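This briefing concerns the structure shown below. The points that follow are grouped by topic.

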Amino acid sequence: MNKLRIAVQKSGRLNEDSMRILKDVGISIDNGKDQLKAAARDFPVEVFYLRNGDIPQYLKDGVVDAAIIGENVLIEKGEGINFVERLGFSKCKVSIAVPKDAKENSLKDLAGKRIATSYPKTVEKFLAAQNIEAQLHIINGSVEIAPNIGLADAICDIVSSGSTLFKNGLKEIEVLLKSEAVLAVSPKIDAERQAILEKIQFRIQSVLKGRQSKYVLLNAPNDKLEAIINILPGMRSPTVLPLAQEGWSSVHSVIPKNQFWEIIDELKKNGAEGILVCPIEKMVV
Ligand SMILES: Nc1ncnc2c1ncn2[C@@H]1O[C@H](COP(=O)(O)OP(=O)(O)OP(=O)(O)O)[C@@H](O)[C@H]1O
Ligand SMILES: O=P(O)(O)OC[C@H]1O[C@H](OP(=O)(O)OP(=O)(O)O)[C@H](O)[C@@H]1O
Ligand SMILES: [Mg+2]
């Protein structure tokens, strides 16, 4: 049987979360990064450890069938490569920034100026869409230093917390795109490997849904049940079980993680007691 070849970043910001999600979907790899290629123990998958920036070309050539990669890199270098799943980690923006006291405040102000970036195609596309011509200086790292050393008037690079911009005395003036890690697929993938990929994709979806949810258990007096059930969404509807103590019930439900505190406050206000909250490993709906 052919194995699905998945590329992940060898080392860097995507590596740890990529390996974790593979492990969570049942793809365990014995020996890691020292080998550039490793077979999974219990699934028809081979993992290739590559530089993030090289992965789009491997996907185009069909040397790997799928990859975990930043959407920003696909946009820059991965024309014709689709992704099938957003993975919820390595969230960042690709933004243009200028020195904080500069008079430039928008993309239009950059006409004729020098922009240092590792994302030349992305910048060119955005400038062209607004009929702006600027000079691009392509550099591979430490882009934020360029204005301070007189190399450029502006930069275009990844922004996450904004602390690198702040430390280098820069201000963001335009967000070109938002990015996160995605599961990308080679246009050359064959049917057999596509079927393996679909299995993995299904498993990833249940892991991601689990990560976005919490399992809640609570006790409530029976006369408060209706109000409490109205607060709780549940997968279909909450489970209600009688407690040994008469007049009381135990209520179980699944709630979205991002509404967690609001829901807990409401539950308490409406008479819930002994609230327990548990993580959900996987959720198949
Ligand atoms: N500060 C950040 N916060 C969140 N995500 C980030 C951040 N910096 C980079 N990323 C995301 O992680 C990806 C990998 O970044 P990283 O700096 O580890 O690798 P790289 O140097 O761009 O690539 P290579 O593997 O080719 O050396 C980026 O393409 C982006 O999607
Ligand atoms: O907004 P922040 O949270 O400060 O993150 C942004 C910084 O993170 C990335 O650099 P990284 O640390 O990956 O170093 P690199 O340039 O060597 O890739 C990116 O290139 C920015 O410089
Ligand atoms: Mg980086």
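In this predicted model, 15 residues surround ligand 1, and those that come nearest are Gly12, Arg13, Asn52, Gly70 and Ser160. By character, the shell around ligand 1 comprises four nonpolar, nine polar and two charged residues. Ligand 1 lies between domain 1 and domain 2, because both domains give residues to its shell.

**Domains**
- The domain assignment divides the protein chain into domain 1 (4–89 + 180–210), domain 2 (92–179) and domain 3 (213–279).
- Between the C-alpha centres of domain 2 and domain 3 there is a separation of 49 Å.

**Nonpolar cores**
- The largest nonpolar core contains 36 residues, and Ile6, Ala66, Ala67, Ile68, Ile69 and Ala184 have the most contacts inside it.
- At least two residues of this core come from each of the strands β1 (4–9), β3 (45–50), β4 (66–70) and β11 (181–185), and likewise from each of the helices α1 (15–24), α2 (55–61), α3 (71–77) and α6 (191–211).
- Beyond its neighbours within four places in sequence, Ala66 contacts Leu4, Ile6, Leu183, Ala184, Val185, Ser186 and Leu197.
- A second core, separate from the largest, has 19 residues, among them Val94, Ile96, Val98 and Ile155.
- In soluble globular proteins, nonpolar side chains tend to be buried together.

**Asp54**
- Asp54 sits in the loop that connects β3 and α2.
- Asp54 counts as partly exposed because 14 other C-beta atoms lie within 10 Å, whereas a buried residue would require 20 or more.
- Although Asp54 and Gln9 are 45 residues apart along the chain, their C-alpha atoms are 9.4 Å apart.

Note on methods: Residues numbered from 1 in each chain as written. Chains lettered and ligands numbered in written order. Predicted model: local features only at pLDDT ≥ 70, side-chain atom pairs only at ≥ 80, totals over all residues. Domains from an automatic or database assignment. Core = buried A, V, L, I, M, F, W, Y, C linked by C-beta atoms within 7 Å. Buried ≥ 20, exposed ≤ 12 C-beta atoms within 10 Å, placed from the backbone. Helix = DSSP H or I, 4+ residues; strand = E, 2+ residues; numbered from the N terminus. Contact = placed C-beta atoms within 7 Å. Near = placed C-beta within 6 Å. Nonpolar A, V, L, I, M, F, W, Y, C, P; charged D, E, K, R; others polar.
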